Amino acid sequence: LPGSVADNLRVADPAASAEDLLSALDAACAGEFVRALPQGMDTELGAQGYGLSGGPLQRLSLARLFLARPGLILLDEPTASLDPESRDRVMDAVLRFAAGRTLVVATHDPEGAARLERTLHLPDGGGRP
């Protein structure tokens with residue numbers, strides 16, 4: 001959304017403090033790059049996150065998830081734009097956060113899928129005739 005990083009995060013929790021936002025960013029492995037932005041969390045983003053690439057945008061979305069604290073978590077390729085080290089750190093954070101919640105992850109990443117308690121493998125075409 002157009003607005004600052006903080007504005008984008010507060011979509012999930014309008015009452016979140018700056019400390020809450022930084023905690024969510026750190027959990028999503030996004031705190032370091034946000035702190036390095038010209039105005040940190042006050043850095044303005046354009047439509048569709050203009051100015052950030054796929055990986056950072058994905059991590060901002062995860063930070064929103066951590067702020068929203070839902071009981072059901074549905075993630076589609078949550079680590080697709082990340083390097084292996086970042087993927088592992090993000091999956092660590094997601095799995096910690098998901099404890100006591102229902103987590104469903106759609107992924108093509110066998111390393112990420114191997115970290116989940118249960119997996120369902122769909123054949124090519126998803127079983128369509």
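**Buried loops, core helices and internal space in a predicted model**

Cys29 is buried, with a relative accessible area of 10%, and its place in this predicted model is in the loop between α2 and α3. The backbone of Cys29 has a positive phi of about 60 degrees, although the residue is not a glycine. Most residues other than glycine have a negative phi. A positive value also appears at Glu77, where phi is near 50 degrees in a residue that is again not glycine; Glu77 lies in the loop between β3 and α5 and counts as buried because its relative accessible area, 17%, is under the 20% limit. Arg69, the residue that follows α4, likewise has a positive phi, near 50 degrees.

Helix α4 itself, residues 54-68, comprises 15 residues and spans 21 Å from its first C-alpha to its last, close to the 21 Å expected at 1.5 Å a residue. The buried residues of α4 are Gly55, Pro56, Gln58, Arg59, Leu60, Leu62, Ala63, Leu65, Phe66 and Leu67, a set that contains polar and charged side chains such as Gln58 and Arg59 beside the nonpolar ones. The cover over these residues includes the helices α1 (5-9), α2 (18-27), α3 (31-35) and α5 (84-98), together with the strands β2 (44-45) and β3 (72-76).

Two residues of α4, Leu60 and Phe66, are also among those with the most contacts inside the largest nonpolar core, which has 33 residues and in which Leu9, Leu25 and Val34 are named alongside them. The elements that give two or more residues to this core are α1, α2, α3, α4, β3 and α5. In soluble globular proteins, nonpolar side chains tend to be buried together. Beyond its neighbours up to four places away in sequence, Val34 touches Val5, Leu25, Gly40, Met41 and Leu60, and two of these partners, Leu25 and Leu60, are themselves listed with Val34 among the core residues with the most contacts.

Two further buried positions, one in α2 and one in α5, illustrate contacts between parts of the chain that are separated in sequence. Leu21 lies in helix α2 and is buried, with a relative accessible area of 0%. When neighbours within four places in sequence are left aside, Leu21 is in contact with Ala6, Leu9, Arg10, Ala16, Met41 and Leu67, the last of which is one of the buried residues of α4. The C-alpha atoms of Leu21 and Arg64 are separated by 8.7 Å, although these residues are 43 residues apart along the chain. Val94, in helix α5, is buried with a relative accessible area of 2%, and its contacts outside the neighbouring four places are Leu62, Phe66, Leu75 and Leu103; of these, Leu62 and Phe66 are buried residues of α4. Val94 and Ala28 stand 66 residues apart in sequence, yet the distance between their C-alpha atoms is 7.9 Å.

The loop between β3 and α5, which holds Glu77, is also the place of Thr79. Thr79 counts as buried because its relative accessibility, 7%, falls under the 20% cut-off. Apart from its neighbours within four places in sequence, Thr79 is in contact with Gln58, Arg87, Val90, Met91 and Asp109, and Gln58 is one of the buried residues of α4.

Thr79 also takes part in lining the largest cavity, together with Pro78, Met91, Val105, Thr107, Gly112, Ala113 and Leu116. A search of the whole structure finds one cavity of 30 Å³ or more, and the largest cavity has a volume of about 30 Å³. Its lining divides into five nonpolar and three polar residues, with no charged residue.

The largest pocket, by contrast, holds about 850 Å³ of space and is lined by 26 residues, of which Val105, Thr107, Leu116, Thr119 and Leu120 lie nearest its centre. Val105, Thr107 and Leu116 belong to the lining of the largest cavity as well. At least two residues of the pocket lining are supplied by each of α5, β4 (102-106) and α6 (110-113), and β4 gives the largest share, five residues. By class, the pocket lining has 12 nonpolar, six polar and eight charged residues, whereas the lining of the largest cavity has no charged residue.

Methods:
Residues numbered from 1 in each chain as written. Predicted model: local features only at pLDDT ≥ 70, side-chain atom pairs only at ≥ 80, totals over all residues. Heavy atoms only, no water. Helix = DSSP H or I, 4+ residues; strand = E, 2+ residues; numbered from the N terminus. Expected span 1.5 Å × (residues − 1). Buried < 20%, exposed > 50% of the residue type's maximum accessible area, 1.4 Å probe, protein only. Contact = heavy atoms within 4.5 Å. Core = buried A, V, L, I, M, F, W, Y, C linked by side-chain atoms within 4.5 Å. 1 Å grid on protein atoms, 1.4 Å probe; cavity = no way out; pocket = protein on both sides within 12 Å on 5 of 7 lines; lining within 4 Å. Points joined across faces, edges and corners; volume = space filled by probe spheres on them.
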